[in-house]
Amino acid sequence: MSSGELDPGSARVFAALLEARTGQRIAAGRSWRFEAALGPLLQAQGLERIEQLAARLIEGKDKLLADRIVDALLNQETSFFRDAGVIEAAVEACRDRAPLRVWCAACATGQEPLSVAMLFAEAKGAMPEIVATDVSNAAIARARDGSYTQFEIQRGLPVRRMVSWFEPAGEHHWRAAATLLGAIHYRRHNLVVDVPPAGEFDLILCRNVLFYFAPPLRERVLERLAGALKPDGLLLLGAGETVIGQSDRLRPSQRARGFYERVAGDDDRNRVYTGR
């Protein structure tokens, strides 16, 4: 693989593909990410330089190559109980509701929805219906399988929870308990172009993804999230994300600090579900 500076033309090819498929942008100053993320795919393709991968993509003969490139470029950084206090507060804020519906958007390989399911199960209340979505087919397949390496398990998962909720699945792998996986409905979903999952949600977690979008796309996604919330539902974003100045349908929650809620009296969902 080339160790020199990535050809700007190749960088533009990959950046355009990622933005067209997912709405996510990679800043010009972060073009090093292409080489870091695409290195394994380059080897799998038997290529020496990343520019060759761009050329093969443009050639268009491999119909699955674009999907593989997008999956490699997506930032699937996640862990169990990431920002544990925030996850615990989200569950505490709505766990007394029944029936309860939760949407974990941009769930990557599934650690977040499993963390939510564990907290609800440990609270001894009714297990909610959890819908978990991601734009990556590969990530959703892994999440649905519920199998994690020892390294992934050790990232954020206390030993007592590992023993309680996971069982060995081959050498250095663990699989989530069927009771957890059975509560989670995984599906592929693109936040920018796809309508939200059917129905309304008491809690939506959409963390650390909005900052990858250009402002117009960010506003569109917030519109969709607002339309998917129940009138008294709560939205949780990442620590560096906000709705302020970006949505007139959402506001900081007046009853749950750190969360967002629909603006009172906002019942217009037509434009969210039809795309208008």
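Which hand does the crossing of H2 and H4 have, left or right? The crossing of H2 and H4 is right-handed. Keep in mind that this is a predicted model.

Start with the two helices themselves. Helix H2 covers residues 32-44, and helix H4 covers residues 65-73. Their axes come within 9 Å. They cross at roughly 125°. Angles from 65 to 115 degrees count as roughly perpendicular, and those over 145 as roughly antiparallel. The angle for H2 and H4 falls in neither range, so the two helices are oblique to each other.

Now look at the side of H2 that meets H4. H2 brings Arg33, Phe34, Ala37, Leu38 and Leu41. H4 brings Leu65, Arg68, Ile69, Ala72 and Leu73. Sorted by class, this contact of H2 with H4 holds eight nonpolar residues, two charged residues and no polar ones.

H4 also meets helix H3, which spans residues 50-59. The axes of H3 and H4 come within 9 Å and cross at roughly 135°. H3 and H4 are therefore oblique to each other. On the H3 side, the contact is made by Leu53, Arg56 and Leu57. On the H4 side, it is made by Leu65, Ala66 and Ile69. By class, the contact of H3 with H4 has five nonpolar residues, one charged residue and no polar ones.

Next comes helix H1, residues 8-22. The axes of H1 and H4 come within 10 Å and cross at roughly 90°. H1 and H4 are therefore roughly perpendicular to each other. Phe14, Leu17, Leu18, Arg21 and Thr22 in H1 meet a set of H4 residues. That set is Ala66, Asp67, Ile69, Val70 and Leu73. The contact of H1 with H4 divides into seven nonpolar, one polar and two charged residues. Find Ile69 in H4: this residue takes part in the contact with H2, in the contact with H3 and in the contact with H1.

Move on along the chain to the loop between H4 and H5. Thr78 has its place in this loop. Is Thr78 buried or exposed? Its relative accessibility is 13%, so Thr78 counts as buried. Leave aside residues up to four places away in sequence, and Thr78 touches Ala108, Thr109, Gln111 and Arg155. Thr78 and Val135 are 57 residues apart in sequence. In space, they are 15 Å apart, C-alpha to C-alpha.

Asp83 is found in the loop between H4 and H5 as well. Its phi is near 55°, a positive value in a residue other than glycine. Asp83 has a relative accessible area of 44%, so it is partly exposed.

Ala108, one of the residues that Thr78 touches, also has a positive phi. The value is about 55°, although Ala108 is not a glycine. Ala108 lies in the loop between S1 and helix H6, residues 111-122. At 4% relative accessibility, Ala108 counts as buried.

One peptide bond deserves a look too. The bond that joins Ala98 and Pro99 is cis, with omega about -10°. Pro99 lies in the loop between helix H5, residues 84-94, and S1.

Last come the aromatic rings. How many aromatic pairs does a search of the whole structure find? The search finds six. In one pair, the rings of Trp103 and Phe201 have their centres 5.7 Å apart. Their planes stand at 40°, so the pair is tilted. Trp103 lies in strand S1, residues 101-104, and Phe201 in strand S7, residues 201-206. The pair therefore ties together parts that are 98 residues apart in sequence. Trp103 has 1% relative accessibility, so it counts as buried. Phe201 is buried too, with a relative accessible area of 0%.

The rings of Phe211 and Tyr212 form another pair. Their centres are 4.7 Å apart and their planes are at 50°, so this pair is tilted. Phe211 counts as partly exposed, at 42% relative accessibility. Tyr212, at 16%, counts as buried. Finally, look for Phe80, Tyr148 and Phe166, which form one aromatic cluster.

Key:
Residues numbered from 1 in each chain as written. Predicted model: local features only at pLDDT ≥ 70, side-chain atom pairs only at ≥ 80, totals over all residues. Heavy atoms only, no water. Axes fitted to C-alpha atoms, helices over the stretch in contact; angles between N-to-C directions. Helix = DSSP H or I, 4+ residues; strand = E, 2+ residues; numbered from the N terminus. Parallel < 35°, antiparallel > 145°, perpendicular 65-115°, else oblique. Left-handed = near helix turned anticlockwise from the far one by under 90°. Contact = heavy atoms within 4.5 Å. Nonpolar A, V, L, I, M, F, W, Y, C, P; charged D, E, K, R; others polar. Phe/Tyr/Trp six-rings, centres within 6.5 Å; stacked < 30°, edge-to-face > 60°. Buried < 20%, exposed > 50% of the residue type's maximum accessible area, 1.4 Å probe, protein only.
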